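Grab a coffee and work through these short exercises with the viewer open. Each one gives a task, then a solution in steps.

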Amino acid sequence: MTQANAGGEQQGEAAGQARGRMRYQDESTAPREPTLAEKRARIAAEKRQEEQAQAALAEQESKTQKRRRVMVGGGVTVGVVALVAAFYSGSAYSAEQNAVHEYCAAEKQGEVAQNPDLCDENYVREQGGYSSGGMFFMPIFLPGGGIGGYNSYRYGYTPPGSPAPTPGQTVSGSSFNKPADANIKNTKGQTVQRGGFGISNKSGSSGS
């Protein structure tokens, strides 16, 4: 083999070995700079992520505010209802405690009549009497017959908060003038007029 051939073979082997090598980048190798398109894509992705996060936060805050308004509104409603109920309950209790009692009284003596029907117009007429100006007149029958005059009766009213009177009792401080705006009960415990809040509701007996 000639020297020229030997040199050629050595060069061929070196070239083959060079073509078969794989080159690796180590830590000292500088990274490739991103292209302008890659930079723009990365910025757009980061912007989308930020917008999505802000939208999710805004939605969460909106839901929280709605729940807070519902809770506050419900609390206010319950509070108002409770306040109104307490007010009416307290007013009803006060009206009950300060009720005026209506009773039938003999006008001259001022005593509570034994028979409350003596102040009932229908009853008085059935017995031959009559009524006029809030007064009820019952005939006084004589032993031998005939009428010897009339006994007069009318409704009396106790002071507010006084207990219900009993037959034959003379009520101190009573009046024959019917209160226009008061809770009034008869001797049977029935409400004949409801008062309070500027409302007067008559039901049953009449008075002056």
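**Exercise 1. How much surface does the chain expose, and what share of it do carbon and sulfur atoms supply?**

Solution. Start with the area: in this predicted model, the chain exposes about 15,200 Å². Next, split by atom type: carbon and sulfur atoms supply 53% of that area. Then look at burial: 19% of the 208 residues count as buried.

**Exercise 2. Work out the order of helices and strands in the chain.**

Solution. Count by type to begin with: the chain has three helices and seven strands. Now walk from the N terminus, and you'll read α-α-β-α-β-β-β-β-β-β. For the contact picture, take pairs at least 6 apart in sequence: 44% of those contacts join residues at least 24 apart.

**Exercise 3. Find the salt bridge partner of Glu59, and say where the pair sits.**

Solution. Step one is the distance: the side chains of Glu59 and Lys63 come to 3.7 Å, N to O. The cut-off is 4 Å, so the pair passes as a salt bridge. Step two is the location: both residues belong to helix α2, which spans residues 36-97. Because they are four residues apart there, about one helical turn separates them. Step three is exposure: Glu59 has 47% relative accessibility and counts as partly exposed, and Lys63, at 41%, also counts as partly exposed.

**Exercise 4. How many salt bridges are there in total, and which residue pairs with Arg125?**

Solution. The total comes to two. Arg125 pairs with Glu121, at 2.8 Å from N to O. Both sit in helix α3 (residues 121-126), four residues apart, about one turn of the helix. As for exposure, Glu121 has a relative accessible area of 34%, so it is partly exposed.

**Exercise 5. Which residues have the most contacts inside the largest nonpolar core?**

Solution. First the size: this core has 15 residues. The ones with the most contacts inside it are Cys104, Leu118, Cys119, Tyr153 and Ile184. Then ask which strands feed the core: β1 (100-106), β3 (135-141) and β4 (147-157) each supply at least two of its residues.

Now zoom in on Cys104, setting aside its neighbours within four places in sequence. Its contacts include Leu118, Cys119 and Tyr153, and these three are also on the list of residues with the most contacts inside the core. Other contacts of Cys104 include Glu111, Val112, Ala113, Asn115 and Pro116, along with Arg154 and Tyr155.

How values were computed: Residues numbered from 1 in each chain as written. Predicted model: local features only at pLDDT ≥ 70, side-chain atom pairs only at ≥ 80, totals over all residues. Heavy atoms only, no water. Buried < 20%, exposed > 50% of the residue type's maximum accessible area, 1.4 Å probe, protein only. Contact = heavy atoms within 4.5 Å. Areas by Shrake-Rupley, 256 points an atom, 1.4 Å probe, with all protein chains shown as cover. Core = buried A, V, L, I, M, F, W, Y, C linked by side-chain atoms within 4.5 Å.
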